[in-house]
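User: I'm new to this one and would like a close look at a single part of it. Could you pick a spot and walk me through its surroundings?

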Amino acid sequence: MTVVNRVLATLLALALLLGGLLAVVEIVLAALDQQPWLVPHPAWTAWLSDRTLASGVVRAALIGAVVLGLVLLALALRRGRPGALPLPARVEAVRTTASRRGLERTLRAAATRPDGVRDARVKARRRTVRVRAATALRDPADLQSRVGQAVAERLEELGLAGTLRPRVTVSKGAGR
Amino acid sequence: MSRRVDTANRTVLALLGLLLFGGGAVGLAASFGVFGDPPPVLPGSARRFEDQQPWFWWAVAGVCLVVALLALRWLLAQLHTGRVTRLDLTRDDRDGRTVVHAGALTEAVEAEAQSLRGVVGASARLVEARGRTLTVAVELADHADVAEVRRTLEDRVVAHAREAVDDPGLPVDIELRPGRRSGSRGLR
């Protein structure tokens, strides 16, 4: 989400910068009784003067503004999944984190270790880790608890046992 | 990526979103007659006002210029990495100047981190965040003893880096990236 926001911020900043400068240039040219440079504002003014807010094009533009506003608000306020999860501090002024992708990789390896697991999918969030293991066994029996134990042990090794709660489900299928 | 820039991005995006949503919603309400008959997009009174007040367009130009300058500042913030290239360790100019290239420190940190068992790659940078901060990213093989690597990084590697720059309180951010295959390429 951070990368999306950064790309969007760059594009918006560029648009505002160019738009602002263009407006200043056009205002100065109009004040000097010169022809417009890029924006044919006399034609736009005449066109807008003939329209009311009820006209179709204006309504479409307003709906576009509402939708774009909602998209920007959603992107700005959505927290998304963390890029890295903090580990309990040990040394003063040293902040250690585990990358989410790395965590998912290593937990997937742990989840596929017990016999009978064909594959596993792992999604880490701020407080939980969702592990979906796939098995070809007809009777998975205690496979769920064995996978859960393997994942919990790995979290313990990483120092995240108190931070992340594993949720394990086992399904009979081909996995990914 | 700097947290400060990310926070600024979220704030500006939220403000722009609110402005667009609010303006669009009020305009739509007006277009559907909530406030009476739908008005023209450019009312005659507005056109008369701008004709009678010569300062109006100069004020608009001033606002546009301010918006453009703020946008330029926002744009430059996206490109700013905060990376520090030199460290001035001079305490007293009369004793001479001591400057350390940040690359020398970060390369030493990377080399020491990569020498640890289970580490397949390491990358270090010195950045301006919370003052001067050393950030280290470490790729770990899946068989690595994460707790041991972490302990060594925090106790030994960080201590050496702090000793090198003569700053016992140097803030350090370490990111562990476990789960790499032993044969895979590291960070560089």
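Analyst: Here is a look at one residue, Glu104(A), followed by the chain around it. Keep in mind that this is a predicted model.

Let's start with where Glu104(A) sits: it belongs to helix α4, which covers residues 100-111 of chain A. Is Glu104(A) buried or exposed? With a relative accessible area of 13%, Glu104(A) counts as buried, because the cut-off for that is under 20%. As for company, set aside the neighbours within four places in sequence, and Glu104(A) is in contact with Arg81(A), Val122(A), Lys123(A) and Ala124(A).

Now zoom out to the chain that holds this helix. Chain A has five helices and five strands, and along the sequence they run α-α-α-β-β-α-β-β-α-β. Buried residues like Glu104(A) make up 35% of the 176 in chain A. Contacts across long stretches of sequence turn up too: take the pairs in chain A at least 6 apart in sequence, and 52% of those contacts join residues at least 24 apart.

What about the overall shape? Chain A has a radius of gyration of 28 Å, while a compact globule of 176 residues would have one near 16 Å. Along the principal axes, its C-alpha atoms fill a box of roughly 85 × 45 × 20 Å.

On the outside, chain A has an accessible surface of about 10,200 Å², and carbon and sulfur atoms account for 58% of that. Finally, the charges: chain A carries 28 positive and 12 negative ones, and their mean positions are 4 Å apart.

Methods:
Residues numbered from 1 in each chain as written. Chains lettered and ligands numbered in written order. Predicted model: local features only at pLDDT ≥ 70, side-chain atom pairs only at ≥ 80, totals over all residues. Heavy atoms only, no water. Helix = DSSP H or I, 4+ residues; strand = E, 2+ residues; numbered from the N terminus. Rg over C-alpha atoms; globule rule 2.2 N^0.38 Å. Buried < 20%, exposed > 50% of the residue type's maximum accessible area, 1.4 Å probe, protein only. Contact = heavy atoms within 4.5 Å. Areas by Shrake-Rupley, 256 points an atom, 1.4 Å probe, with all protein chains shown as cover. Lys, Arg positive; Asp, Glu negative; His and termini not counted. Charge placed at Lys NZ, Arg CZ, Asp CG, Glu CD.
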